[in-house]
Amino acid sequence: MNRDWLKDTKSEYDVIVIGSGLAGLTCANMLARGGHSILLLEHHYNLGGLATWFKRKGGHIFDISLHGFPVGMIKTCRKYWTPEIADSIVQLKGIRLDNPQFSLTTTYDSDDFKRVMQEHFKIPRETIDNFVSALRGMNFYDDQTMTTRELFENFFPGRHDIVRMIMEPITYANGSTLDDPAITYGIVFSNFLNKGVYTFQGGTDKIIGMMRAELIKNGVDIRTKCLVEKIGIEDKKIAGVVANGKMIKGKAVVSNGNLLSTIHKLVGDENFSESFIEEAKKVRLNNSSCQVYMGIKKGEKIDYIGDLLFTSETEKFDSEELRSKNTTSRTFSIYYPQTRPGSDMFSVVASTNANYEDWANLSEKEYRAAKENLVQRTLNALEKYVPKIRDKVDHLEAATPKTFQRYTLHLSGASFGTKFEGLKVSMGLPKEIPGLFHTGSVGIIMSGWLGAANYGVIVAHDVDKFLSAGVRNA
Amino acid sequence: MTKEEIKSVLMEIVAQIIPDEDLTNLKGDIPIREQVELDSMDFLDIIMELRKRYGIEVPEDDYMQLATIDSSVAYLEPRMRDL
């Protein structure tokens with residue numbers, strides 16, 4: 001018999017949150033703290049969206065997106081979650097870049113970045129300071145006509161090596177390219193440059209577990225394995241959602257699903273103005289990803305080679321090469337036992353950017369072969385940093401854009417949300433349909449752990465405003 | 001509420017949102033953000049707290065009026081006078 005995952009839900013909630021990515025979780029937590037009744041629906045059996053993990057035989061745990069985030073996450077967790085969650089954040093000090101143009105290790109914080117730029121790239125201190133303060137001064141409402149390429153050309157004309165140093169890590173972090181607005185680069189890079197790169201000690205499973213406990217404490221009704229099929233609209237206003245075939249009423253709905261599937265699929269174009277749909281159609285999705293998960297045998301170890309390795313065999317930075325199926329540009333995230341204190345296990349996750357189209361149309365046989373090829377090429381590349389890696393691993397597995405699509409339900413397996421124009425469309429939803437909101441990775445700047453969590457708070461603020469006005473007018 | 005009470009409430013809210021900052025020498029006529037580390041998320045938290053505690057809605061167009069402590073008190077006084 002099928003279990004009823006929506007057994008005993010209330011007939012109506014103040015807010016129904018669709019999806020439990022970091023933005024959805026944080027939005028739900030803030031609204032619950034504000035005294036609103038919240039139903040949180042997640043189609044998967046785990047919470048977290050892309051902030052997720054999986055376990056495999058042999059004692060392996062693999063983190064999907066725990067590669068590093070800016071220090072701002074400490075403050076965000078302290079304010080919008082709990083001091084305990086904030087206190088579990090630690091710095092990742094060994095950031096290594098290795099490619100045909102240069103090979104260096106940095107903490108990637110402001111001071112060390114300036115040192116590297118001076119010593120390694122021979123850039124005058126004044127130019128570096130001017131560059132850093134130009135980035136710091138950028139706001140999302142500033143002029144967005146300047147591209148990231150133009151910004152770099154202004155400060156470091158003709159320096160392809162510097163472009164790689166300052167762009168490649170960000171491309172892995174949020175899928176952006178040199179053609180994206182300079183402000184999106186400036187905001188994200190400044191966040192990282194502030195104090196370097198941080199992670200959660202204890203792993204994704206621990207953090208999401210702590211967040212789940214906090215949501216329950218604050219009274220959020222959490223339902224996993226519940227797929228939302230439709231957002232209900234009546235008289236041009238929010239009525240509720242249909243999940244697992246059941247209609248549940250809500251005064252407001254926050255979708256933490258992909259922006260475009262929220263508009264076109266969950267709500268339906270007929271419920272929006274023509275001009276809004278025109279704008280929505282112009283929103284470009286960001287690219288997807290591939291990953292290779294390598295579990296080191298129990299008892300085996302790997303020497304410390306850094307925490308985050310940005311490696312490439314390609315001559316210079318090229319965002320198309322980075323997304324191509326046979327790219328040699330990948331990030332290795334190395335998880336030592338201290339990632340999960342008390343554990344004695346090591347693992348490595350290799351991530352590359354990827355195009356959905358390169359993987360979606362393969363036959364079953366071609367797809368399997370392409371995945372195996374990806375695993376073998378990744379092992380060959382890792383051999384340079386971890387000799388005899390093949391003797392040390394006892395679990396190998398690959399994820400492709402199809403895998404990302406299956407687990408997140410994001411169109412084309414988009415793993416970084418949308419390009420910049422998506423932010424305006426996301427924020428414009430409530431003007432089209434009162435009570436309808438979207439939160440999640442959009443506009444590049446609202447992407448990643450910090451961007452998503454903060455966007456969850458911003459949207460919670462708007463939802464709270466909407467609900468308070470409803471109470472006053474009642 | 002009197003102007004003095006509004007000021008003390010405001011200071012309490014700011015202190016709660018940025019607990020690591022020393023607010024004892026905060027000048028009333030200079031923008032708060034020029035004196036202490038207060039980012040746009042912190043500012044949003046102040047707006048949210050005013051709504052939660054007193055039901056005051058500050059429209060986005062009026063955010064500029066909350067730049068300094070003095071201008072905030074002046075802006076909030078007519079809205080909090082009868083609380």
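How many residues does each chain bring to the contact between chain A and chain B? In this predicted model, chain B gives seven residues and chain A gives nine. The side of chain B that touches chain A holds four charged residues and three nonpolar ones. Polar residues are absent from that side of chain B.

Now turn to chain A itself. Chain A splits into domain 1 (12-45 + 224-284 + 416-473), domain 2 (55-91 + 198-202 + 287-408) and domain 3 (110-155 + 162-191). Take domains 2 and 3 of chain A as a pair. Their C-alpha centres are 25 Å apart. Eleven residues from domain 2 of chain A and eleven residues from domain 3 of chain A make up the contact. On the domain 2 side, α12 (319-323) and β16 of chain A each supply at least two residues. By class, that side of domain 2 of chain A has six polar, four nonpolar and one charged residue.

Strand β16 of chain A leads on to a sheet. The sheet is open and has seven strands, in the order β7-β6-β14-β15-β16-β13-β17 (chain A). Its pairing is mixed. At the edges lie β7 (103-106) and β17 (393-399) of chain A, each paired on one side only. On average, neighbouring strands of this sheet are turned by 15 degrees against each other, direction ignored.

Look closer at one pair in the sheet. Strand β13 (residues 288-296) of chain A runs antiparallel to strand β16 (residues 347-354) of chain A. Eight bridges join these two strands. Within the pairing, A:Ser288 faces A:Ala354 of β16(A).

Key: Residues numbered from 1 in each chain as written. Chains lettered and ligands numbered in written order. Predicted model: local features only at pLDDT ≥ 70, side-chain atom pairs only at ≥ 80, totals over all residues. Contact = placed C-beta atoms within 7 Å. Nonpolar A, V, L, I, M, F, W, Y, C, P; charged D, E, K, R; others polar. Pairing = 2+ DSSP bridges. Helix = DSSP H or I, 4+ residues; strand = E, 2+ residues; numbered from the N terminus. Axes fitted to C-alpha atoms, helices over the stretch in contact; angles between N-to-C directions. Domains from an automatic or database assignment.
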